[in-house]
Amino acid sequence: MTGIALQDGLAELGIDLPQEAQQKLLAFRDLLLKWNKTYNLTALRDPEQAISHHLLDSLAILPHVGDGALLDVGSGGGLPGIPLAIARPQLPVSMVDTVQKKATFLQQAAIQLGLKNVAVHHARVEEMSGQYAQISSRAFAEIGLFVRLTRHLLAPGGRWLAMKGVRPDDEMAALPADVVVERIIPLHVPGLGAERHLIILKAGQ
């Protein structure tokens with residue numbers, strides 16, 4: 001199966017990015033696959049697949065990302081944090097991972113790609129401090145655990161952005177009573193023949 005070109009995928013998502021940002025996204029993909037040989041950051045090895053499964057999959061949530069500081073939890077290979085930071089250079093993006101080699105890769109990627117809006121933390125998220133308007137995760141943990149570990153970091157009026165595959169009804173049913181599911185957004189990721197959902201949550205008053 002031939003992959004989708006980045007430009008075509010972005011057009012399908014309705015996302016208009018300058019040429020420079022598109023080049024940075026492809027440069028990030030190349031870095032990810034290069035470091036992957038030693039660091040095992042992703043199961044994917046195919047550069048074409050990486051466009052749909054990593055870049056477009058991360059950017060599918062872009063229309064739902066606000067302007068306030070974003071914390072991406074369990075960033076691993078920098079997904080969705082780095083694609084979002086490339087697409088939105090004014091958005092402050094912090095990424096946290098407990099694995100040293102992953103944090104090292106994220107730091108290196110931010111430097112090489114010239115991403116001034118990125119901060120990288122090698123830490124356990126439950127031990128971090130600070131306040132973030134948005135907290136995202138992609139395949140980090142089930143939603144209840146994600147909310148519990150990061151609740152102290154969510155600014156008043158903030159939102160959690162949980163990226164999931166199949167709609168996680170069981171996980172949502174098990175959420176604490178004071179956590180509200182604000183929206184469930186089915187995502188269509190070009191070139192990816194699998195279900196994707198974005199679950200937006202907020203803390204009830």
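Biologist: How many aromatic pairs does a search of the whole structure find?

Modeller: The search finds four aromatic pairs. Please keep in mind that this is a predicted model.

Biologist: What makes Trp-35 and Tyr-39 an aromatic pair, and why is the pair called edge-to-face?

Modeller: Their ring centres are 5.1 Å apart, and rings pair if their centres lie within 6.5 Å. The planes make 85° with each other, and an angle over 60 degrees counts as edge-to-face. Both tests are met, so Trp-35 and Tyr-39 form an edge-to-face aromatic pair.

Biologist: Where do these two sit in helix α2?

Modeller: Trp-35 and Tyr-39 are four residues apart in α2, which spans residues 19-39, so about one helical turn separates them. In general, an α-helix has 3.6 residues a turn, so residues three or four places apart point the same way.

Biologist: Why is Trp-35 called buried or exposed?

Modeller: Trp-35 has a relative accessible area of 17%. Buried means under 20%, so Trp-35 is buried.

Biologist: And what does Tyr-39 count as?

Modeller: Tyr-39 has 23% relative accessibility. Partly exposed lies between the 20% limit for buried and the 50% limit for exposed, so Tyr-39 counts as partly exposed.

Biologist: What makes Phe-140 and Phe-146 a pair?

Modeller: Here the distance is 6.3 Å centre to centre, set against a limit of 6.5 Å. The planes are 75° apart, and this pair too is edge-to-face. Phe-140 is partly exposed at 29% relative accessible area, whereas Phe-146 is buried at 0%.

Biologist: Which residues do ring pairs link into a cluster?

Modeller: The cluster consists of Phe-28, Trp-35, Tyr-39 and Phe-105. Phe-28 and Trp-35 are also among the buried residues of α2, a list including Leu-25, Leu-32 and Asn-36. The cover over the buried residues of α2 includes α1 (6-13), α3 (47-59), α4 (81-87) and α5.

Biologist: How do you know that the span of α2 is close to the expected one?

Modeller: α2 has 21 residues, and 1.5 Å a residue gives an expected 30 Å. From first C-alpha to last, α2 reaches 29 Å, which is close to that value. Just after α2, Asn-40 takes a positive phi of about 55°.

Biologist: Now the sheet: what is the order of its strands?

Modeller: The order is β3-β2-β1-β4-β5-β7-β6, in an open sheet of seven strands with mixed pairing. β3 (118-122) and β6 each have a single partner strand, so they stand at the edges with one side left without a neighbour in the sheet. From one strand to the next, the twist averages 20°.

Biologist: Which helices pack on the sheet?

Modeller: Helix α5 (residues 100-112) touches β2 (93-97) and β3, and its direction makes about 165° with that of β3. Helix α6 (residues 143-150) touches β1, β4, β5, β6 and β7, at about 150° to the direction of β5.

Biologist: How do you know that β5 and β7 pair?

Modeller: Two strands pair if there are at least two bridges between them. β5 (residues 154-164) and β7 (residues 196-203) have five bridges, so they pair, in the antiparallel sense. Ala-162 stands opposite Ile-199 in β7, and Lys-164 stands opposite His-197. β6 also runs antiparallel to β7, with eight bridges joining them; there Pro-186 stands opposite His-197.

Note on methods. Residues are numbered from 1 along each chain as its sequence is written. This is a predicted model: local features need pLDDT of at least 70, side-chain atom pairs count only at pLDDT 80 or more; totals for chains, interfaces and linings use all residues. Side-chain values use heavy atoms; hydrogens and water are left out. Axes are lines fitted to C-alpha atoms, for helices over the stretch in contact, and angles run from 0 to 180 degrees between N-to-C directions. Contact means heavy atoms within 4.5 Å. Rings of Phe, Tyr and Trp (its six-membered ring) pair if their centres lie within 6.5 Å; planes under 30 degrees apart count as stacked, over 60 as edge-to-face and the rest as tilted. Buried means under 20% relative accessible area, exposed over 50%, partly exposed in between (1.4 Å probe, protein chains only). The expected span of a helix is 1.5 Å times one less than its number of residues.
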